[in-house]
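Please open the model in your viewer and keep the selection panel at hand. The tour goes from an enclosed space to three single residues, with a selection to make at each stop.

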Amino acid sequence: MRHTILFGGTSKERLVSVASAQALQRALPDADLWFWNDDDRVHCVTAQTLLAHARPFEEPFAPDGEMVGPLDIALDRAAAEHRLLVLGLHGGVAENGELQAMCELRRVPFTGSGAAASHLAFDKAAAKRFAAIAGVRTSVGIALADAEAALETHGRLIAKPTRDGSSYGLFFINARQDLVAVREAAKTEDYLIEPFVAGVEATCGVLEAEDGSLLALPPIEIVPADGGFDYTAKYLAKSTQEICPGRFAPEVAAMIMDYAVRAHRVMSCRGYSRSDFIVGKDGPIFLETNTLPGLTGASLYPKALKAQGIDFVDFLKGQIALAGRSVRS
């Protein structure tokens with residue numbers, strides 16, 4: 001079975017995807033490279049071209065190799081050539097279950113969660129409901145129509161796209177006039193509004209072993225640059241600190257890890273995931289689960305793997321084994 005790293009995509013997070021692909025290529029040097037461009041066409045690219053792209057978080061990647069065709073044609077070819085796709089993709093159609101459904105219909109194996117789990121986790125409101133069913137503590141959701149009254153009650157709110165990464169479109173609502181921008185943004189996509197919880201930002205990866213057992217990786221404490229943990233703070237700001245393992249009390253760290261495993265399990269995730277939390281005065285509160293978290297050299301999941309003593313190459317070999325088995329079963 002030929003291993004092919006698929007990266008790029010049509011979402012806002014395609015720049016991060018290129019950086020993830022660079023890390024994946026270094027770990028899997030014999031894998032083919034397919035770049036899914038924002039015009040929906042897939043191109044073959046060389047490792048030399050990919051690795052020469054020096055500023056992936058800031059500058060778009062330009063493919064220079066053979067065009068495979070539109071995504072559906074590329075996936076047809078992947079099926080015919082018995083390829084296994086190592087997904088270096090993030091956000092949008094790549095993470096909301098649509099790409100996964102296209103692969104499953106063709107019986108093309110791929111790393112990460114399946115279509116149903118991906119679709120569920122991508123919807124933050126639905127993911128919160130399922131996490132709550134599993135006994136994970138979540139915050140209350142607030143309808144946009146009720147936001148003014150909720151602002152009076154809670155003093156501060158936060159709004160983020162319901163079905164997109166939180167790197168983009170995040171609003172902190174401190175006064176009524178801040179709701180104007182949220183209402184404008186909500187004309188083109190759904191927004192999730194929650195009470196703002198003061199506390200420490202945390203994230204926790206979950207790793208599925210080949211025998212199906214789940215391991216929670218060491219929780220990471222995030223100390224963002226001014227303005228919150230948005231795209232700039234995550235990938236460009238040097239002042240953001242990501243401390244792994246985080247400086248949490250043992251009982252808090254244990255609760256974060258337990259919650260991350262519960263979220264992974266209740267949403268039927270596969271392979272690996274990363275759940276985000278805010279740790280307030282009453283303990284951790286679940287925010288969201290990422291089914292295709294970043295795998296760049298600067299990303300949180302690889303840092304947690306390293307802290308756990310797991311080599312990135314071994315992690316990928318395990319994920320590839322799980323993906324291959326999922327098609328055979």
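Begin by selecting Leu24, Val86, Leu87, Thr111, Tyr272, Leu295, Phe315, Leu316, Gln319 and Ile320, which together line the largest cavity. Bear in mind while looking at these side chains that this is a predicted model. Colouring the selection by element shows that strand E5 (83-88) and helix H13 (312-328) are the elements that give two or more residues to this lining, and that H13 supplies the largest share, with four residues.

How many residues of the lining are nonpolar, polar and charged? Eight are nonpolar and two are polar, while no charged residue takes part in the lining of the largest cavity. The space enclosed in the largest cavity is about 40 Å³, and the structure holds one cavity of 30 Å³ or more.

Next, colour domain 1 (2-110) and domain 2 (121-137 + 198-326) separately; because both domains give residues to the lining, the largest cavity lies between them.

Now move to Ser20, which sits in helix H1 (residues 14-27). Is Ser20 buried or exposed? Its relative accessibility is 0%, so Ser20 counts as buried. Showing its surroundings, with neighbours within four places in sequence left aside, brings up contacts with Gly88, His90, Gly294, Leu295 and Thr296. Leu295, one of these contacts of Ser20, is also one of the residues lining the largest cavity.

For the next stop, select Thr162, in the loop between strand E6 (157-161) and strand E7 (171-173). Although Thr162 is placed in a loop, this residue counts as buried because its relative accessibility is 5%, and buried means under 20%. Which residues does Thr162 touch, not counting those up to four places away in sequence? The contacts are with Phe122, Asp123, Lys124 and Ala125, and also with Asp190, Tyr191 and Leu192.

Keep Tyr191 displayed and add Ala185, which is found in helix H9 (residues 178-185). Once neighbours within four places in sequence are left aside, Ala185 is in contact with Phe171 and Tyr191, so that Tyr191 appears here as well as among the residues touched by Thr162. Ala185 has a relative accessibility of 17% and therefore counts as buried, the limit being under 20%.

To finish, draw a distance between the C-alpha atoms of Ala185 and Ser11: these two residues are 174 residues apart along the chain, and the separation of their C-alpha atoms is 17 Å.

Definitions and conventions
Residues are numbered from 1 along each chain as its sequence is written. This is a predicted model: local features need pLDDT of at least 70, side-chain atom pairs count only at pLDDT 80 or more; totals for chains, interfaces and linings use all residues. Side-chain values use heavy atoms; hydrogens and water are left out. Buried means under 20% relative accessible area, exposed over 50%, partly exposed in between (1.4 Å probe, protein chains only). Contact means heavy atoms within 4.5 Å. On a 1 Å grid over the protein atoms alone, a cavity is a set of points where a 1.4 Å probe fits but cannot get out, and a pocket is an open set with protein on both sides within 12 Å along at least five of seven lines; lining residues have an atom within 4 Å of a point. Grid points are joined across faces, edges and corners, and a volume is the space filled by probe spheres set on the points. Ala, Val, Leu, Ile, Met, Phe, Trp, Tyr, Cys and Pro count as nonpolar, Asp, Glu, Lys and Arg as charged, and the others, Gly among them, as polar. Domain bounds come from an automatic or database domain assignment.
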